[in-house]
4 protein chains.
Amino acid sequence: MDYVYGPGRNHLFVPGPVNIPEQVTRAMNRNNEDYRSPAIPALTKVLLEDVKKIFKTTSGTPFLIPTTGTGAWESALTNTLSPGDRIVSFLIGQFSLLWIDQQQRLNFNVDVVESDWGQGANLDILASKIGEDKSHTIKAVCIVHNETATGVTNNLATVRKILDHYQHPALFLVDGVSSVCALDFRMDEWGIDVALTGSQKALSLPTGMGIVCASPKALEASKTAKSVRVFFDWNDYLKFYKLGTYWPYTPSIQLLYGLRAALDLIFEEGLDNVIARHGRLAKATRVAVEAWGLKNCTQKEEWFSDTVTAVIVPSYIDSSEIVRRAWKQYNLSLGLGLNKVAGKVFRIGHLGNVNELQLLGCLAGVEMVLKDVGYPVKLGSGVAAASAYLQNSTPLIPSRI
Amino acid sequence: MDYVYGPGRNHLFVPGPVNIPEQVTRAMNRNNEDYRSPAIPALTKVLLEDVKKIFKTTSGTPFLIPTTGTGAWESALTNTLSPGDRIVSFLIGQFSLLWIDQQQRLNFNVDVVESDWGQGANLDILASKIGEDKSHTIKAVCIVHNETATGVTNNLATVRKILDHYQHPALFLVDGVSSVCALDFRMDEWGIDVALTGSQKALSLPTGMGIVCASPKALEASKTAKSVRVFFDWNDYLKFYKLGTYWPYTPSIQLLYGLRAALDLIFEEGLDNVIARHGRLAKATRVAVEAWGLKNCTQKEEWFSDTVTAVIVPSYIDSSEIVRRAWKQYNLSLGLGLNKVAGKVFRIGHLGNVNELQLLGCLAGVEMVLKDVGYPVKLGSGVAAASAYLQNSTPLIPSRI
Amino acid sequence: MDYVYGPGRNHLFVPGPVNIPEQVTRAMNRNNEDYRSPAIPALTKVLLEDVKKIFKTTSGTPFLIPTTGTGAWESALTNTLSPGDRIVSFLIGQFSLLWIDQQQRLNFNVDVVESDWGQGANLDILASKIGEDKSHTIKAVCIVHNETATGVTNNLATVRKILDHYQHPALFLVDGVSSVCALDFRMDEWGIDVALTGSQKALSLPTGMGIVCASPKALEASKTAKSVRVFFDWNDYLKFYKLGTYWPYTPSIQLLYGLRAALDLIFEEGLDNVIARHGRLAKATRVAVEAWGLKNCTQKEEWFSDTVTAVIVPSYIDSSEIVRRAWKQYNLSLGLGLNKVAGKVFRIGHLGNVNELQLLGCLAGVEMVLKDVGYPVKLGSGVAAASAYLQNSTPLIPSRI
Amino acid sequence: MDYVYGPGRNHLFVPGPVNIPEQVTRAMNRNNEDYRSPAIPALTKVLLEDVKKIFKTTSGTPFLIPTTGTGAWESALTNTLSPGDRIVSFLIGQFSLLWIDQQQRLNFNVDVVESDWGQGANLDILASKIGEDKSHTIKAVCIVHNETATGVTNNLATVRKILDHYQHPALFLVDGVSSVCALDFRMDEWGIDVALTGSQKALSLPTGMGIVCASPKALEASKTAKSVRVFFDWNDYLKFYKLGTYWPYTPSIQLLYGLRAALDLIFEEGLDNVIARHGRLAKATRVAVEAWGLKNCTQKEEWFSDTVTAVIVPSYIDSSEIVRRAWKQYNLSLGLGLNKVAGKVFRIGHLGNVNELQLLGCLAGVEMVLKDVGYPVKLGSGVAAASAYLQNSTPLIPSRI
């Protein structure tokens, strides 16, 4: 069962699922208990309050759904929209593609705004569509905050500005799967109507909890949305929220305690410090990529993602070979290039509970693999560049000062 | 966070979530890993083979969905049926009620066959409906194998006989949530088209995995079923099964390893021995209830459940008070009476990885609570009756002989 | 590796090692860390303060030695005495026998006061010896507070009274292995000079930490004691206490965190409540034994142990067969009769983090085994008697009121 | 309790305690059980056989003592020697110093052969002492295989050659604390009479088990050795080995299962591959040190340790500041300089279950810290040198080929 282990630790640098901190593993190391006893509602009540902080919302209503990111998407869409509704959605990579596929299969009328993979969402086109839509046929704008396949972060503030500029009432639905708890995310300030994330990303939990947060406007929409839904229906949750028992069906006890521990870690470090750490590690990664003489798949600096960096390899190299070799020789897990960029990019995930020396170990591994597969990298070059940046920017660990 | 603990172990006798064996907790005590590496597909492949054994099927196709029992229901229905389809469904307690609610909200035309709570599904009515349905308007028969709210087990073999007798092509969909791995369950022999269970029941895992198994006929139906679905769509799974990567979205690594450990335990004990143990513990519970002078909510012996016993309390006692007191004084978690039987019954769950002395401790606790709340039980009477039965029927533990 | 597991939980009723509460297992589920970093000294400092509370001492100095009870004995003796020193020691069962064996092999001049197994230490003889010893040749009185082999608790207050009455300066060394955290234990009030316990007993930790607490007088004695010692030398510890680094050699990080969790649980419940719980469970056990028509190995009520009950079986039964059968059939671990009482008694350990229903499950198991091996017990009789007592005496769990 | 954690993983590069692999943590995540049941003897029996393999002995008898390395030393000495016995011992660093201190306090007549810290044991002096000792007054030669304070590995084969050359019957006692399972170690071939190690070193377990292995000659010596001992007495163990119950006192159940898992990992990787990995990582560390322009505390290549490298810092830097800063800023735990080399060296432990990228992360961290404290290192230089070596020498992980 464990035959795939190499000696020493796995270096997990896929953009999710990410390393689980020992404190969280520990908190989840527990038996089941009766979820109808007073204990679980008491735990849930506080969790629901605290989880709003990671979305930076006070007016939102969160749902902790036993599902994955794909389920969280479905929850966001089906609770707020009706079949046939027109929505604008941006295709910029594999994950936005999958969300659009879901939107279409759920029978929405999807107005797809496509960009090259490596570019951000084309918000100029959004502006014209919104501007032209005097009759408000567009019911929602759906956007992936951070496209995990290409390492592209979209500008949510601008989306809000466009909607506001035209006083357009479309709902603003945001996939924050690989952004919440890692990138600057402001649900209330940016007027996001549904924000969602998954437990296995920057929260650094196991997979299994889709966290969805709905604005009052989204909740209002859910009263009339005609999409068929039961498992994902917010109203079932809201009914039990009112009763104070919180759960329409059995939650994962272990994930609730895990979430408690994960939030504690984030709040102790400080959410803004967590976000700053992500910025620091991402910048270090990018200077390393530059030192290797390789290109970032993300075409403009404004879109650089602080949670994942997709690196373009020379045409004579198959990026999948890099991923395979890293795993086989150095116990290093990197992200594959997906779909359009398969074979062309590999991805370094630098999100969640990770620190400077873990990243430098990863970068050193990437260098060796690059050389192994025939790219003439100067060993140490990326690490040197990243170290130079980190040595100047890494703060002391507050609890150890 | 742990303020609800009393000293010593919690005595968890709700009918799920149940105690997780130490071997399973241990197996799940692990970090995340890259689910796209060769390790997880290799693990999944064997799990999919092995999980068929608990359904007693060789021709079925299992799906390990990151969801709960409610999601597993939705998966079973939406993959095989189209909106408007006529289905026959039996209302005999809270969980069959909830499933019917889901069926209605998913826009099926539900032909509800209701019985008193405490009775099994009325299969005579089924027989007439099926017999009358010459034009095959009934697309599916949906039945909860074991109604957890009342401790009633339905006779699945008879359902099959009825369908066969009339050569009726309706799909046969079975909720095995509180039965699979605990009660006699024969998917192939009984011609079940979709069988499903949840991880937190007799498999003794944490909540978070809905296990659904589809017959070839059900898979065929899924090709034309028009119910809208994405997260729950079997076809997405099947596509990745063919690719050998198995997962359309991120699975819970920990639950997969947990399932491996849970199946190992079941196979080591022997599935039929596991089922026999459930029979033994259930019988012991029933003789205790009789010794207390109390009535089983289940009205006939043919329906007695081997996984949960619902006990009727005298009218001058509120059964919720029993549950509350058991928890507050003896760290004993019993099941509440739900809906129609709220206040009237309490439930003893005796399913999953549990043994004789755990049950006797529970029964001793129930006796004390009964006395505490004013029922004139003779202390020790139920334990004596149960012990007399168990002392004669408990085999040596095979590994210790 | 796990082939000895039966289904369900092991019912561990040997008088140590005892069940580890989930909170403690969880706390120990961690990686190593550098014990020379500031973290471990900070943790140790507080532990050393807190551990004094379980001995009820403010003037004592504790040592957390990576060893077992046997090592803790050796630490107590070699740090305070010199070869040839005359000591009085009481032989009343297997564990006092083993300590005396150690005392003799360490070259002390042991004045053994023997009693029948089942009786307490003969303090009348102690009184005469102390009274006669005008020249103070007796350097120490060594006594096992609770003889685990026979379930006999000695009266430590009387020992102190005798010493005080004759103004005798002998050191008072107490084995509290199966008593500390379970029985009334007052190091300061009773003028105990060295008290010791082991982690795997009432503290409910894994084996591996011997906890020894020395009075100022004992520390003074350690300055001149000529017994050869290095690993067990308190002075090495004291040197590092002064430096604030605390550890002369590598501690078990995991046990330190485990001790923290174990103490937290005890303090939350309240040490006196913990002791009362032990009294309650012990009394329940004794009334069950009486109901079975069996005899307690302990001959007088004043010596009844609240942590372990040794039960005499009829001469036609081999008590080892009871222990074997309990384990093989019911997953119940009972204590064997040791040495002189081998085959004649079996032991029920009721110490540590255990509660009422766990005990009642055990008692129900014992009843079935008694019947299995041919003793004409009335099934349910012991449980009935114990329940009757517990139903009247068990308080609500404070955190759940 | 966890306030010392930084974000991400701790980089533990002290020369013990070392990182515990997840498989071992998992195996130890368990409740207590009755150590007198058949399960623990069965487990112990196989462990005792298997543990001999890590010493490369077939004739040795191992003891798994619940103690630390210091206790293992005491066990080796007191079981084989009598007070006043003349022994030759080598003082080359802090740990050999501590062992000599113990030898003297145990009243042996220690013939100390001192070398500069940074040099190996002076075997020329040993040769003359042995050669001159015609009357065999030397009863034992005691040597630390790997001096953890200076990173010096002694040549055990030469010691054996010297003893053989003069046909000297002295016992050959070896501290293998930081060598066994990491360095080439051949108990039988080198005629070692007592070899010992501690669980928290290359075995990668928690602290708490001293593993001592005695040759037939050592066992013979134990019959007449007059050193006082009880807790550490091999004869108590041997008595229980014969009985097949194995334990004279309570073992740590958890550490036994942990040892099982640790040995499984080592045997799966292959002991010789484990040793080769240590050689590889050590060599990588040394080339990095060289690239930084720093000196190895070990003065000659023949003594270079493959488990720990002590690095000399320029006189204007306090090496303790490096250790402090590494921990405070980068969550990197390095070894302090001890005693004579305090402030002058810092140590990089590269032993146990550790791999290439973990080490490279550590080296990158050291570089940044060196720069932080004012040493003009070229960032990336050490990592570049180490990577160049590792990229050529790291094999594919066998289970992943």
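**Figure 1. Cysteines of chain D without a disulfide partner.** The sulfur of D:Cys213 lies 12 Å from the closest cysteine sulfur, that of D:Cys181, which is too far for a bond, a disulfide being defined as a pair of cysteine sulfur atoms within 2.5 Å. D:Cys213 has 0% relative accessibility and therefore counts as buried, where buried means under 20% relative accessible area, exposed means over 50%, and partly exposed is in between (1.4 Å probe, protein chains only). D:Cys362 is likewise in no disulfide, the nearest cysteine sulfur, in A:Cys362, being 16 Å away, and D:Cys362 also counts as buried, at 0% relative accessibility. Over all chains the structure holds 0 disulfides. The model shown in these views is predicted, so that local features need pLDDT of at least 70 and side-chain atom pairs count only at pLDDT 80 or more, whereas totals for chains, interfaces and linings use all residues. Residues are numbered from 1 along each chain as its sequence is written, chains are lettered from A and ligands numbered from 1 in the order in which they are written, and side-chain values use heavy atoms, with hydrogens and water left out.

**Figure 2. The annotated domain of chain A.** An unreviewed UniProt entry places the feature "domain: Aminotransferase class V" at residues 70-297 of chain A; UniProt positions are given in the numbering used here, feature names are shortened, and annotations may be inferred rather than shown by experiment. Over residues 70-297 the chain is 43% helix and 18% strand, with the end C-alpha atoms 25 Å apart, helices (H or I, at least four residues) and strands (E, at least two) being DSSP runs numbered from the N terminus.

**Figure 3. The interface of chain D and chain B.** Here 8 residues of chain D are in contact with 8 residues of chain B, contact meaning heavy atoms within 4.5 Å. About 760 Å² is buried between chain D and chain B, with carbon and sulfur atoms giving 34% of that area; buried area is the accessible area (1.4 Å probe) that two parts lose on being put together, summed over both. On the chain D side, D:Glu22, D:Arg26 and D:Asn29 lose the most area to chain B, together 63% of what that side buries. Across this interface the rule finds 0 salt bridges, a salt bridge being a side-chain nitrogen of Lys or Arg within 4 Å of a carboxyl oxygen of Asp or Glu.

**Figure 4. Salt bridges within helices of chain B.** B:Lys53 forms a salt bridge with B:Asp50, their closest N and O atoms being 3.0 Å apart, and both residues lie in helix H2 (residues 39-55), 3 residues apart, or about one turn of the helix. B:Lys53 is partly exposed at 45% relative accessible area, whereas B:Asp50 counts as buried at 11%. In a second view, B:Asp164 and B:Arg160 meet through their side chains in a salt bridge of 2.9 Å, N to O; these residues are 4 apart in helix H6 (residues 156-165), and so are separated by about one helical turn. B:Asp164 is partly exposed at 45%, while B:Arg160 is buried at 11%.

**Figure 5. A salt bridge between two strands of chain D.** The side chains of D:Arg86 and D:Asp111 meet in a salt bridge of 2.6 Å, N to O. The pair links distant parts of the chain, with D:Arg86 in strand S3 (residues 86-91) and D:Asp111 in strand S4 (residues 109-114), 25 residues apart. D:Arg86 is partly exposed at 22% relative accessible area, and D:Asp111 counts as buried at 15%.
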